[in-house]
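Me: I'm new to reading protein models and would love some help. Could you walk me through this one?

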Amino acid sequence: MATISLRKSNTRLPPEVNRVLYVRNLPFNISSEEMYDIFGKYGAIRQIRIGTNKDTRGTAFVVYEDIYDAKTAVDHLSGFNVANRYLIVLYYQQAKMSKKFDQKKKEEEIAKMQEKYGVSTKDK
């Protein structure tokens with residue numbers, strides 16, 4: 001009901017709102033069916049990607065068909081308790097995520113160069 005009134009009033013959404021949500025603090029053993037049950041209550045879902053790597057466990061991306069459904073999901077599911085874990089639901093922001101990955105790449109390159117040239121940053 002809330003999404004219908006939101007659409008009819010032609011509300012202008014903040015610029016960070018988009019259809020892709022980034023979810024953190026998920027239980028490691030959550031299934032995709034459980035994710036669809038939790039997030040499907042707020043609208044049609046195009047895709048859910050659950051992290052399976054060591055680095056990405058406990059995270060997921062949820063892509064909604066409609067931006068208003070995504071906004072409703074963020075409003076209702078931030079802080080939602082799943083298996084004694086409180087979900088952190090954010091809008092996916094490409095610029096912030098790419099900065100994190102760029103930083104990791106730079107750190108890896110520095111470590112490789114230090115190894116190659118026998119340089120150590122530890123105090124002797």
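**A helix and its surroundings**

Reply: Happy to help! In this predicted model, helix H3 has 8 of its 11 residues buried, so the rest of the structure largely encloses it. Those buried residues include Tyr-68, Ala-70 and Val-74. Just past the helix comes a residue with a positive phi of about 90°, and that residue is Gly-79.

Me: How many helices and strands are there in the chain, and in what order do the elements run from the N terminus?

Reply: The chain holds 4 helices and 6 strands. Reading from the N terminus on, they follow the order α-β-α-β-β-α-β-β-β-α.

Me: In what order do the strands of the open sheet stand?

Reply: The open sheet is formed by 4 strands with antiparallel pairing. Strands S2 (45-50) and S6 (88-91) each have a single partner strand, so they stand at the edges. From one strand to the next the twist averages 20°. Put together, the order is S2-S3-S1-S6.

Me: Which residue of S6 does Val-23 stand opposite?

Reply: Strand S1 covers residues 20-24 and pairs with S6 in the antiparallel sense, over 4 bridges. S1 is also joined to S3 by 4 bridges, again antiparallel. On the S6 side, the residue opposite Val-23 is Val-89.

Me: What angle does helix H2 make with S2?

Reply: Helix H2, residues 32-39, lies across S1, S2, S3 and S6. Helix H3 (residues 67-77) packs on the sheet as well, touching S1, S3 and S6, and its direction makes about 150° with that of S6. For H2 and S2, the angle is about 135°.

Me: Which element gives the most to the largest nonpolar core?

Reply: In soluble globular proteins, nonpolar side chains tend to be buried together. Here the largest nonpolar core has 23 residues, and among those touching the most other members are Leu-21, Met-35 and Phe-39. At least two residues come from each of S1, H2, S2, S3, H3 and S6. With 5 residues, the element giving the most is H3.

Me: Which residues does Met-35 touch, not counting residues up to four places away in sequence?

Reply: Met-35 is one of the core members that touch the most others. Leaving out residues up to four places away in sequence, Met-35 touches Leu-26, Ile-30, Gly-40, Ile-48, Ile-50, Ala-60 and Val-62.

Me: Is Tyr-22 buried or exposed?

Reply: A residue counts as buried when its relative accessible area is under 20%. Tyr-22 has 15% relative accessibility, which puts it below that cut-off, so Tyr-22 counts as buried.

Me: Which residues form one aromatic cluster?

Reply: Tyr-22 and Phe-61 form a tilted pair, 5.3 Å centre to centre with 40° between the planes. That pair links strand S1 to strand S3, with the two residues 39 apart. Phe-61 also forms an edge-to-face pair with Tyr-92, at 5.3 Å and 90° between the planes. The cluster is therefore made of Tyr-22, Phe-61 and Tyr-92.

Me: What share of the chain's residues count as buried?

Reply: The chain exposes about 9200 Å², and carbon and sulfur atoms supply 51% of that area. Of its 124 residues, the share that count as buried is 27%.

Terms used: Residues numbered from 1 in each chain as written. Predicted model: local features only at pLDDT ≥ 70, side-chain atom pairs only at ≥ 80, totals over all residues. Heavy atoms only, no water. Pairing = 2+ DSSP bridges. Axes fitted to C-alpha atoms, helices over the stretch in contact; angles between N-to-C directions. Contact = heavy atoms within 4.5 Å. Core = buried A, V, L, I, M, F, W, Y, C linked by side-chain atoms within 4.5 Å. Buried < 20%, exposed > 50% of the residue type's maximum accessible area, 1.4 Å probe, protein only. Areas by Shrake-Rupley, 256 points an atom, 1.4 Å probe, with all protein chains shown as cover. Phe/Tyr/Trp six-rings, centres within 6.5 Å; stacked < 30°, edge-to-face > 60°.
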